Amino acid sequence: MDGFSFRMPTRIEFGEGKESHVGELVSASDGARVLIVYGGGSVKRSGLLQRVIASLDRSLIPHTILCGVRPNPLSNLVREGVDLARDEKVDFVLALGGGSVIDTAKAIAAGVPYNGDFWDFYEGERAPETALPVGVVLTTAATGSEADGDSVITSSETGLKRETSAACLRPRFTVMDPALTETLPAYQTACGIFDIMSHLYEAYLSTTAETSVSDRMIEGVMIALTEQAPRVMADPHDHQARANIMWAANVALNGMIGAGREQDWGSHEIEYALSSEYGVAHGAGLAVTMPAVLSWYAARSPERLATLAVRVWGAPEPKAGDPAALRAAAEEGIAALRAFADSLGLPATLEEVGGADAAADIPRMAHDTCFSGGRTGTVGGFIPMDEAAVTEVFRLMCA
């Protein structure tokens with residue numbers, strides 16, 4: 001293990017009806033005037049928005065509203081939110097929704113005190129040093145954004161999807177009520193489940209030695225996810241399956257399992273091109289991207305993937321020191337991951353998300369992946385991939 005500093009400052013309130021205490025939680029976080037950020041009409045139809053507003057009113061906390069966040073959230077709405085927050089003298093940003101809403105709320109929180117365009121943070125020119133406090137009422141189980149300092153936004157001008165990360169963007173509190181996820185469409189639930197699995201893979205693919213504790217933690221959450229996913233896909237009202245999946249999403253990205261180890265994140269950096277180019281849901285794009293990345297890795301360094309295949313997917317133990325056997329075990333695990341994505345009804349090829357002519361977009365997407373947004377030519381931490389390697393990975397996605 002490597003040395004590390006770990007702090008998870010986000011207060012988690014987990015359980016049914018916890019959103020009725022949002023006013024108290026905002027007050028305890030020194031919030032006095034709130035900007036509520038949400039997406040479409042689902043939080044209104046479900047009554048969640050009204051319950052949250054009622055809680056704020058009981059705590060005598062005034063609020064203003066910004067709605068319209070879309071999947072793969074856009075920079076123009078962030079700028080609108082920054083202006084609104086400044087005009088209304090907001091001192092707290094409250095996200096009602098999933099990853100896209102949370103990412104937008106974090107971007108607004110970073111942009112309000114910044115003397116410049118918030119996009120500077122996403123181009124890699126600067127890192128946020130201060131931000132308005134953020135709270136979350138979570139309605140999906142997927143990104144883990146409710147307890148980390150990351151935010152991903154798509155440029156309205158260029159269509160490129162970029163991220164920033166800072167400790168000041170970690171939410172002060174998150175309300176996690178599994179019942180709020182029961183009305184999600186099945187496809188959105190499936191995308192969220194695969195997103196969680198991808199985060200676990202990104203942490204597991206590490207070159208750091210002697211990480212047995214976090215290895216076993218990751219493996220355990222992966223196994224639990226494979227057990228709970230069929231339950232929730234068969235019965236969207238299986239509350240306990242929803243609860244376990246929601247907690248898995250948090251555990252995968254709250255920082256604990258990644259402490260003391262280098263991580264990969266190559267699949268995510270490559271997938272951003274699919275979301276930017278085709279508007280595909282992030283989890284669906286990862287279902288296409290991750291098996292291709294893993295196959296590229298397996299051809300070069302199969303040991304780690306072989307271990308995971310044995311421990312999580314039940315592959316036979318390969319003969320020690322036999323490169324062919326290690327590669328075969330790694331590929332068996334990748335095939336099992338593909339089958340898991342298939343069982344969720346997710347796409348498998350580039351053509352499924354980008355159309356019959358998607359292969360023609362590969363050179364541009366590979367170049368943008370490696371060089372735009374402050375990147376310097378490679379992505380990924382397990383085996384760094386240059387433009388030629390990323391091009392090869394995109395071609396592995398093709399039917």
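Biologist: In which loop is Glu19 found?

Modeller: The model discussed here is predicted. In this model, Glu19 is placed between a strand and a helix, the latter being H1 (22-28). The location of Glu19 is the loop between E1 and helix H1.

Biologist: Is Glu19 buried or exposed?

Modeller: Leaving aside neighbours within four places in sequence, Glu19 is in contact with residues including Leu48, Arg51, Val137 and Asp177. The relative accessibility of Glu19 is 5%. Buried means under 20% relative accessible area, so at 5% Glu19 counts as buried.

Biologist: Which helix gives the most to the largest nonpolar core?

Modeller: The largest nonpolar core has 100 residues, of which Ile108, Phe194, Tyr297, Met385 and Phe394 touch the most other members. The helix that gives the most to this core spans residues 282-298 and supplies 11 residues. That helix is H11.

Biologist: How many residues are in the other core, which lies apart from it?

Modeller: Among the members of this other core are Val34, Tyr38, Val52 and Val137. Val52 and Val137 are also in contact with Glu19. The number of residues in this other core is 20.

Biologist: Is Phe4 buried, partly exposed or exposed?

Modeller: Phe4 lies in the segment before strand E1 (11-14). Together with Met1, Phe6 and Met256, Phe4 makes a nonpolar surface patch of about 420 Å². The class called partly exposed falls between under 20% and over 50% relative accessible area. Because its relative accessible area is 48%, Phe4 is partly exposed.

Methods: Residues are numbered from 1 along each chain as its sequence is written. This is a predicted model: local features need pLDDT of at least 70, side-chain atom pairs count only at pLDDT 80 or more; totals for chains, interfaces and linings use all residues. Side-chain values use heavy atoms; hydrogens and water are left out. Patches are made of residues with over 30% relative accessible area and no salt bridge: like charges are joined within 9 Å, nonpolar side chains (Val, Leu, Ile, Met, Phe, Trp, Tyr) within 5 Å. Accessible areas come from the Shrake-Rupley method with a 1.4 Å probe; for residues, only the protein chains shown count as cover. A salt bridge is a side-chain nitrogen of Lys or Arg within 4 Å of a carboxyl oxygen of Asp or Glu. Helices (H or I, at least four residues) and strands (E, at least two) are DSSP runs, numbered from the N terminus. Buried means under 20% relative accessible area, exposed over 50%, partly exposed in between (1.4 Å probe, protein chains only). A nonpolar core is a set of buried Ala, Val, Leu, Ile, Met, Phe, Trp, Tyr and Cys residues joined through side-chain atoms within 4.5 Å. Contact means heavy atoms within 4.5 Å.
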